[in-house]
Amino acid sequence: MEVVVFVFSLLDCCALIFLSVYFIITLSDLECDYINARSCCSKLNKWVIPELIGHAIVTVLMLISLHWFIFLLNLPVATWNIYRNTQSRAAEVTHEGSHDQAWVPLALFLHVSL
């Protein structure tokens, strides 16, 4: 059973890393003015909920399988994802609003590293 849990967790983490790299590339294209803000938001917003679900599944799976250390490593990022997505949709990332959020690269780095 543990092998199945860790193989699924590995595949899910690979997908989450791919999504994080996709987010960074898309935001880089926005910064270089290759795409406009509306196009960037429409590309990224459709992947926010699958990212949340993927990370929550791994966190709950580690809790159920009693891997406490890995669960405690994933819990802050899963909590942050849930908090970020339960806020009002009026606060979605736009081109103007993303410049004053210096914590975004740190959050992406912590997400990729976990």
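This passage describes the fold, the annotated spans, the contacts and the surface of a predicted model. Residues are numbered from 1 along each chain as its sequence is written. Because the model is predicted, local features need pLDDT of at least 70 and side-chain atom pairs count only at pLDDT 80 or more, while totals for chains, interfaces and linings use all residues; side-chain values use heavy atoms, with hydrogens and water left out.

The protein has five helices and zero strands, and its elements run α-α-α-α-α from the N terminus on. Both kinds of element are DSSP runs numbered from the N terminus, with helices being H or I over at least four residues and strands being E over at least two. Of the 114 residues in the protein, 26% are buried. Here buried means under 20% relative accessible area, exposed means over 50%, and partly exposed covers the values in between (1.4 Å probe, protein chains only).

The UniProt record, an unreviewed entry, places the feature "transmembrane region" at residues 6-27 and 48-70. Its positions are given in the numbering used here, feature names are shortened, and annotations may be inferred rather than shown by experiment. In the model, residues 6-27 are 100% helix and 0% strand, with the end C-alpha atoms 31 Å apart. For residues 48-70 the helix content is 87% and the strand content 0%, and the end C-alpha atoms lie 23 Å apart.

Turning to charged contacts, side chains of opposite charge can pair when their charged atoms come close. A salt bridge is taken as a side-chain nitrogen of Lys or Arg within 4 Å of a carboxyl oxygen of Asp or Glu, and a search of the whole structure finds one. The partners are Arg84 and Glu51, whose closest N and O atoms are 3.6 Å apart. This pair links distant parts of the chain, with Arg84 in helix H4 (residues 68-86) and Glu51 in helix H3, 33 residues apart. The two ends are covered to unlike degrees: Glu51 is buried, with a relative accessible area of 5%, whereas Arg84 is partly exposed at 32%. Glu51 also has a neighbour in Leu19, 32 residues apart from Glu51 along the chain, and the two C-alpha atoms are separated by 7.5 Å.

Another charged residue, Lys43, has its place in helix H2 (residues 37-45) and is partly exposed at 32% relative accessibility. Lys43 and Tyr22 are 21 residues apart in sequence, and their C-alpha atoms are 9.8 Å apart in space.

Aromatic contacts come next, and a pair of aromatic rings is described by the distance of the centres and the angle of the planes. Rings of Phe, Tyr and Trp (its six-membered ring) pair if their centres lie within 6.5 Å; planes under 30 degrees apart count as stacked, over 60 as edge-to-face and the rest as tilted. By this rule the count is two aromatic pairs. In one, the ring centres of Trp68 and Phe71 are 6.5 Å apart and the planes stand at 85 degrees, so the pair is edge-to-face. Both residues, Trp68 and Phe71, lie in helix H4, three residues apart, about one turn of the helix. Trp68 is partly exposed at 48% relative accessibility, while Phe71 is buried at 13%. The other pair, Trp80 and Tyr83, is tilted, with 5.6 Å from centre to centre and 40 degrees between the planes. Trp80 and Tyr83 also both lie in helix H4, three residues apart. Relative accessibility is 31% for Trp80, which counts as partly exposed, and 45% for Tyr83, which is likewise partly exposed.

With a disulfide defined as a pair of cysteine sulfur atoms within 2.5 Å, a search of the whole structure finds zero. For Cys14, the closest cysteine sulfur is that of Cys13, at 7.3 Å, which is too far for a bond. Cys14 is partly exposed at 43% relative accessibility, and Cys32 is partly exposed with a relative accessible area of 43%.

Finally, Phe8, Ile49, Ile53 and Ile57 make a nonpolar surface patch of about 330 Å². Patches are made of residues with over 30% relative accessible area and no salt bridge, with like charges joined within 9 Å and nonpolar side chains (Val, Leu, Ile, Met, Phe, Trp, Tyr) within 5 Å; accessible areas come from the Shrake-Rupley method with a 1.4 Å probe, and for residues only the protein chains shown count as cover. Helix H3 (residues 48-64) gives the largest share of the nonpolar patch, three residues. Phe8 has its place in helix H1 (residues 2-31) and is partly exposed at 38% relative accessibility.
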